[in-house]
Amino acid sequence: MIGAHTDSPCLKVKPVSKSTGGGCQTLNVETYGGGLWYTWFDRDLGLAGRVLVRDGSKLQHRLVKIDKPVLRIPMLAIHLQKNLYQEGFKPNFQEHLKPILATMRKAPKPAANNGNTSSNTSSSSLAAPTSPNGTNHATASADITDSHHPLLLQMVADELGCNVEDIVDFELNLCDVQRGVLGGAQDEFVFVGRLDNLASCYTALEALTDATADGSTLDSETAVWSVAMFDHEEVGSDSAQGAGGPVMRDTVTRVARQLAEVNHLACHPLRFVSMYQLDQRHTYTGGLAPAWYSAECIAQSCSSHGTAGQRIDHTQYCLTVHCISCACMPTTRSILSAGQQIWQH
């Protein structure tokens, strides 16, 4: 089993990114992971991530990448920080890491509502179930425009080939658009960012695919070859996609059950009722019970909870969110070690 992680330190666009300063439109961003943030100044920066798009009566996740330098975090001139080499560069993340999107003079003004409500009309059937508090799609569209510059939303919409009104929400990261190259006198070096840990992801997948290229390789193999690539390692791994989540444990357990034809590895959570909040424990035949924990160590999101709440038949099932009150699993190494112990058991 080879373990690696897919994430790298970066700057993430905040849920409310719209800001201005110095006659420019800027974006509010936050740091993700432990990055060398001074290296992000004077870089050609683009945007990449996923966007939640309304498509008729459905919501779709779409990947987007704006692969051109649309953002810039300018460095302060040396004559305005003469003590740089004596005192070091100490930027204020809240103020100094805001990338410039456009000047106020060049940025387009928000377009007035011209009465075109085709997007909202076609998805009106979705408004009631997705907005328990009565908020309709028109209000939701207005909210995202209030939170983000129209120019940013238009760039994302153009890249996806959709209307701005169809954008429900997004998770965007800043990324360096400079291409990676081979360097050194003999081209023996790879000059590119994010080698930690994408290099391990690439070599692990190459090793697995190359080793199994010949179909007869596994005929006499008794072990299970696998590659595990996790997200959120840079922030502690305690998320649904991280090594601290239940995915690896559950996967190894299911594989072990299939191979050994045993069913004694699992333990029912009701044997450990103290691990759950007193007034929100789930019961046998009590319906679906998605969990919630603030440390992001289990499969939770507004998307998963909201979708489950709208998809189930409430006449036959109930939906109770139970809160876990205990600390959860740590990092990639420990979860892989636990998997090996289950396997041996």
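This passage walks through the salt bridges, helices, strand pairings and cysteines of the structure shown above, which is a predicted model.

Charged pairs make a convenient starting point. Side chains of opposite charge can pair when their charged atoms come close. In this model the count of salt bridges comes to five. One of them joins the side chains of Asp 176 and Arg 43, with an N to O distance of 2.9 Å. Asp 176 belongs to strand E7 (residues 167–176), while Arg 43 sits in the loop between strand E3 (24–32) and strand E4 (45–55), so this pair ties together parts of the chain that are 133 residues apart in sequence. Arg 43 is partly exposed, its relative accessible area being 32%.

The loop between E3 and E4 also holds Asp 44, whose side chain meets that of Arg 72 in a salt bridge of 2.5 Å, again taken from N to O. Here too the pair links distant parts of the chain, since Arg 72 is placed in the loop between strand E5 (58–71) and helix H1 (84–87), 28 residues from Asp 44. Both partners are partly exposed: Arg 72 has a relative accessible area of 34%, and Asp 44 one of 36%.

A further salt bridge forms between Asp 250 and Arg 249, where the closest N and O atoms are 3.2 Å apart. Asp 250 is partly exposed at 30% relative accessibility, as is Arg 249 at 36%.

Helix H8 (247–260) is a good place to look at geometry. Its 14 residues should span 20 Å at 1.5 Å a residue, and the end C-alpha atoms are indeed 20 Å apart, which agrees. Which residues of H8 are buried? They are Met 248, Val 252, Thr 253 and Ala 256. These residues cover an arc of only 125° around the axis, and therefore lie on the same side of H8. The face turned away from this buried side carries the exposed residues Arg 254 and Gln 258. Such a pattern can be read against the helical repeat: an α-helix has 3.6 residues a turn, so residues three or four places apart point the same way.

Helix H7 (residues 195–211) can be described along similar lines. H7 has 17 residues and reaches 23 Å from its first C-alpha to its last, close to the 24 Å expected at 1.5 Å a residue. Its buried residues are Asn 197, Cys 201 and Ala 204. Because they cover an arc of only 70° around the axis, they fall on the same side of H7. Tyr 202 and Asp 210, on the other side of H7, are exposed. What covers the buried residues of H7 includes strands E1 and E10.

Those two strands are themselves partners. Strand E1 (residues 2–5) and E10 run parallel and are joined by four bridges, with Gly 3 having Ala 228 in E10 as its bridge partner. Ala 228 also belongs to the covered face of E10, together with Phe 230, whereas Val 227 and Met 229 make up the uncovered face. In a regular strand the side chains alternate between the two faces of the sheet.

After E10 (227–230), the loop leading to H8 contains Ser 237. Is Ser 237 buried or exposed? At 2% relative accessibility, Ser 237 counts as buried. The C-alpha atoms of Ser 237 and His 5 are separated by 9.4 Å, although the two residues are 232 apart along the chain.

An antiparallel arrangement is found for E4 and E5, which are joined by 10 bridges. Within this pairing, Arg 54 stands opposite Leu 59 in E5. The hairpin has two residues between the strands, and Gly 56 takes a positive phi near 65° there.

The cysteines complete the survey. How many disulfides does the model contain? The count comes to zero. Cys 24 is buried, with a relative accessible area of 13%, and Cys 162 is buried as well, at 16%. Cys 201, mentioned above, is one of the buried residues of H7.

How values were computed. Residues are numbered from 1 along each chain as its sequence is written. This is a predicted model: local features need pLDDT of at least 70, side-chain atom pairs count only at pLDDT 80 or more; totals for chains, interfaces and linings use all residues. Side-chain values use heavy atoms; hydrogens and water are left out. A salt bridge is a side-chain nitrogen of Lys or Arg within 4 Å of a carboxyl oxygen of Asp or Glu. Buried means under 20% relative accessible area, exposed over 50%, partly exposed in between (1.4 Å probe, protein chains only). A disulfide is a pair of cysteine sulfur atoms within 2.5 Å. The expected span of a helix is 1.5 Å times one less than its number of residues. The arc is that of the directions from the helix axis to the C-beta atoms. Two strands pair if DSSP finds at least two bridges between them. Contact means heavy atoms within 4.5 Å.
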